[in-house]
Amino acid sequence: MSFTVVIPARYASSRLPGKPLAPIAGKPMIQHVWDRANESRASRVVIATDDARIEEVCRSFGAEVIMTSPNHPSGTDRLEEVARTLALDPDHRVVNVQGDEPLIPPQLIDQVADNLEHYPEAAISTLCERLHDARQVFNPNVVKVVFDARGMAHYFSRAPIPWARDFWPSDAAAQDVDLPDGIGYFRHIGIYGYRASVLSEFVTWLPAPTERVESLEQLRALYNGALIHVDVAERPPAPGVDTEEDLARLRALMEKGGRYV
């Protein structure tokens, strides 16, 4: 079965304006992401933007571009507009690849798409990686996920979940603690596969109470009963680009010919 990759690309960014067009090793960042997506098994790769500058650059290197509304409250709303514009069948798989991950391994794109096929009960698929450092578990910028034996997500949180009640002291976050044996802690990796049908439903749902308090959009899907399949990534992705420091590190790596880490 075929699937479509959609790469949202916004010019506005509070920390790094114009990020998709930042030059890296002779190409704009968004072109590197597009190249990686085209190395996956996707039948179609589309860049979704609301900015004419990004549209012009992307069309110059041959990308298919869909202009979307600048008023979308979330990235999933933008994705839904693309699926609607393309008139995708309800069960068609759409993989959302972030436009600031020029080193994303193509096999991770294939992995989330394949998992929607392998788990027909799931509306959404995503990935995670195991954490081995307690500092990451207690870091609110690292989103943790708990899932069941089938890989279906129970919850995503910025808090350290599950809480090791009999292992950690009450002030564990302020101390240098170890992770308990026998309990896996997993960081959520922000790549998603969706069935087109759940995208059309998602835009009708109000933000969930848990979503508002955690500032995690995927909790809206769980709150409304959509199953999210979580799999351990076949290989860890490189970090995305959020700051000038991230961009400098990435340029240094890619200008030396580095790709997947």
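Let me start with cavities. This is a predicted model, and the structure holds 1 cavity of 30 Å³ or more. The largest cavity has a volume of about 30 Å³. Which residues line the largest cavity? They are E101, P102, L103, I104, A238 and P239. Sorted by class, that lining has 5 nonpolar residues, no polar ones and 1 charged one. As for the general idea behind the search, rolling a probe the size of a water molecule over the atoms shows where empty space is left.

One of the lining residues, I104, comes up again with V97, since I104 is among the contacts of V97. V97 sits in the loop between β6 and α4. Is V97 buried or exposed? Its relative accessible area is 1%, and the cut-off for buried is under 20%, so V97 is buried. Setting aside neighbours within four places in sequence, V97 is in contact with V5, V6, I7, P8, V33, I104, I109 and I191. There is also a distance to mention for V97 and V241: they are 144 residues apart in sequence, and their C-alpha atoms are 13 Å apart in space.

Next, the helix on the other side of that loop, α4, which covers residues 106-118. Why does its length agree with expectation? At 1.5 Å a residue, its 13 residues should span 18 Å, and the end C-alpha atoms are 18 Å apart, so the two agree. The buried residues in α4 are P106, L108, I109, D110, Q111, V112, A113, N115 and L116. I109 is thus a buried residue of α4 and also a contact of V97. What covers the buried residues of α4? The cover includes β1 (3-9), α1 (29-38), β6, β7, β10 and β11 (228-232).

That list brings me to strand β10, residues 186-195. How many of its 10 residues are buried? The count is 8, and the strand is mostly covered. Strand β10 pairs with β6, residues 93-96, through 4 bridges, and the two run antiparallel. Within that pairing, N96 of β6 stands opposite Y192 in β10. Strand β10 also pairs with β7, residues 124-130, again in the antiparallel sense, over 7 bridges. There, E129 has R187 in β10 as its bridge partner. A general point on strands: in a regular strand the side chains alternate between the two faces of the sheet.

To recap, β10 pairs with β6 and with β7, and those three strands are among the elements that cover the buried residues of α4.

Notes
Residues are numbered from 1 along each chain as its sequence is written. This is a predicted model: local features need pLDDT of at least 70, side-chain atom pairs count only at pLDDT 80 or more; totals for chains, interfaces and linings use all residues. Side-chain values use heavy atoms; hydrogens and water are left out. On a 1 Å grid over the protein atoms alone, a cavity is a set of points where a 1.4 Å probe fits but cannot get out, and a pocket is an open set with protein on both sides within 12 Å along at least five of seven lines; lining residues have an atom within 4 Å of a point. Grid points are joined across faces, edges and corners, and a volume is the space filled by probe spheres set on the points. Ala, Val, Leu, Ile, Met, Phe, Trp, Tyr, Cys and Pro count as nonpolar, Asp, Glu, Lys and Arg as charged, and the others, Gly among them, as polar. Buried means under 20% relative accessible area, exposed over 50%, partly exposed in between (1.4 Å probe, protein chains only). Two strands pair if DSSP finds at least two bridges between them. The expected span of a helix is 1.5 Å times one less than its number of residues. Contact means heavy atoms within 4.5 Å.
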